[in-house]
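Here are a few friendly notes to read alongside the structure. Take the points one at a time and find each residue on the screen as you go.

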Amino acid sequence: MKILIVDDSKAMRMIVTRTLKLAGYDGHDTIEASNGVEALEKIEAESPDVVLSDWNMPEMKGIELLEKVRESGNNVTFGFITSESSAETKTLAKDAGAQFVLTKPFTAENMQAVLEPVLA
Amino acid sequence: MTTTLQIPVAEEIGDFLSNLYGLQVSTKPASPLDVEKARAMADYVDDQGNVKAVVACDISGAAKLGAALTQIPVGGVEDSIDEDELSNSLSENLLEVFNIAVNVFRESHSHRLVVNQITLGSEAAKLTAEATSSAEATHYELDIERYGSGAISFFTFS
């Protein structure tokens with residue numbers, strides 16, 4: 001399985017990668033993008049199975065990225081990993097086609113809880 | 001009716017940071033932060049742009065909060081503390097910690113707080129003093145596994 005991690009913070013991309021391993025997903029390939037524009041290119045080029053995206057990013061926000069992905073007919077599993085925790089954010093995310101929203105900070109158990117149902 | 005955000009208790013902050021870092025973090029009440037020594041400060045605003053919370057740290061707290069995020073070696077932390085200035089990597093990490101820290105305020109989920117401005121360096125001292133003169137404050141000492149202790153203060157506004 002190929003997982004695309006999208007976050008403008010290199011530190012957060014490292015933490016997501018680390019937590020995926022702790023959650024038992026260490027056998028999978030991870031690729032990275034630092035914003036929505038770069039992520040679109042990676043999705044086109046590498047066809048990831050899962051996209052884990054931050055919400056607030058320069059160039060293109062996570063919600064815009066998701067909207068463009070869905071507009072193109074791509075139903076890739078897409079989840080947000082974000083410090084945005086409001087009910088409004090979660091509703092926007094789900095309405096746009098995200099499978100889950102994981103709030104920072106998160107544990108390996110939190111990661112498992114959101115990924116297992118969508119990867120089963 | 002406007003409400004004041006609740007300042008998180010020591011255990012909540014320790015648990016929050018432990019989850020973030022994957023390291024043990026303990027927190028205990030401490031004497032007030034000398035704002036002259038604040039070297040990092042973040043303010044959080046509501047939907048109307050009103051400042052509802054401020055978080056400030058001394059150089060030791062700032063350096064260690066940043067270092068723990070990606071486990072930057074202790075030597076780099078000590079250098080920053082000795083020089084009273086955060087390195088680029090510590091600064092970058094601390095920005096992310098402050099961003100995530102919006103969720104340490106329990107009511108942030110309904111208040112929809114967002115981080116507004118983050119100030120690093122000696123300028124943080126002046127801004128902290130100006131921003132927090134009428135705030136409710138709680139001061140803590142953090143102890144982060146591998147890195148040791150530093151000061152962090154929380155200020156909230158009605």
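1. Let's begin with the largest cavity, which holds about 80 Å³ of space. Keep in mind as you look that this is a predicted model. The walls of the largest cavity come from chain B: Ile13(B), Phe16(B), Leu17(B), Val55(B), Leu65(B), Val97(B), Phe98(B), Ala101(B), Val104(B), Ile152(B) and Phe154(B). Which elements supply at least two residues each to this lining? They are α1, α4 and β6 (148-156) of chain B, and α1(B) gives the most, with three residues. Sorted by class, the lining of the largest cavity has 11 nonpolar residues, no polar ones and no charged ones.

2. How many cavities of 30 Å³ or more are there by the rule used? The count comes to two. The second largest cavity holds about 30 Å³ of space, and its lining is made of Ile5(A), Val6(A), Asp7(A), Val16(A), Leu52(A), Ser53(A), Asp54(A) and Ile81(A). Both β1 (2-6) and β3 of chain A supply at least two residues each to that lining. Here the classes are mixed: five nonpolar, one polar and two charged residues.

3. Now turn from cavities to pockets. The largest pocket contains about 570 Å³ of space and has 29 lining residues. To find its centre on your screen, look for Asp8(A), Ser9(A), Leu95(B), Glu96(B) and Asn99(B), the lining residues that lie nearest to it. Three elements each supply at least two residues of the lining: α1 (10-22) of chain A, and α4 (88-100) and β4 (114-120) of chain B. Of the elements, α4(B) gives the most, with six residues. By class, the lining of the largest pocket has 10 nonpolar, 12 polar and seven charged residues.

4. Next, see how the chains meet. The size of an interface is often given as the accessible area lost when the parts come together. For chain B and chain A, about 1400 Å² is buried between them, with 51% of it on carbon and sulfur atoms. Each side brings residues to the contact: 18 residues from chain B and 18 residues from chain A.

5. How many salt bridges does the rule find across the interface of chain B and chain A? It finds one. The partners are the side chains of Glu96(B) and Lys104(A), with a distance of 3.2 Å from N to O. You have already met Glu96(B), as one of the residues nearest the centre of the largest pocket.

6. Stay with Lys104(A) for a moment, and look at the peptide bond that joins it to Pro105(A). This bond is cis, with omega at about -5°. Pro105(A) sits in the loop between β5 (100-103) and α5 (108-119) of chain A.

7. Two residues deserve a look for their backbone angles. Ser47(A) has a positive phi of about 45°, although it is not a glycine. You will find Ser47(A) in the loop between α2 (36-46) and β3 (50-53) of chain A. Is Ser47(A) buried or exposed? Ser47(A) counts as exposed because its relative accessible area is 52%, and the cut-off for exposed is over 50%.

8. The other residue is Gln71(B), where phi is near 55°, again a positive value in a residue other than glycine. Gln71(B) is in the loop between α2 (59-70) and α3 (74-83) of chain B. With a relative accessibility of 30%, Gln71(B) counts as partly exposed.

9. Thr89(A) makes a useful contrast. This residue lies in helix α4 (residues 87-96) of chain A. Its relative accessibility is 2%, so Thr89(A) counts as buried. Leaving out residues up to four places away in sequence, Thr89(A) touches Trp55(A), Glu84(A) and Arg112(B). Notice the chain letter of Arg112(B) in that list.

10. Last, find Glu11(B) in helix α1 (residues 10-21) of chain B. Glu11(B) counts as exposed because its relative accessible area is 60%. Which separation do the C-alpha atoms of Glu11(B) and Ser26(B) have? They are separated by 7.2 Å, while the two residues are 15 residues apart along the chain.

How values were computed:
Residues numbered from 1 in each chain as written. Chains lettered and ligands numbered in written order. Predicted model: local features only at pLDDT ≥ 70, side-chain atom pairs only at ≥ 80, totals over all residues. Heavy atoms only, no water. Helix = DSSP H or I, 4+ residues; strand = E, 2+ residues; numbered from the N terminus. Buried < 20%, exposed > 50% of the residue type's maximum accessible area, 1.4 Å probe, protein only. 1 Å grid on protein atoms, 1.4 Å probe; cavity = no way out; pocket = protein on both sides within 12 Å on 5 of 7 lines; lining within 4 Å. Points joined across faces, edges and corners; volume = space filled by probe spheres on them. Nonpolar A, V, L, I, M, F, W, Y, C, P; charged D, E, K, R; others polar. Contact = heavy atoms within 4.5 Å. Buried area = accessible area lost by both parts, 1.4 Å probe. Salt bridge = Lys/Arg side-chain N within 4 Å of Asp/Glu carboxyl O.
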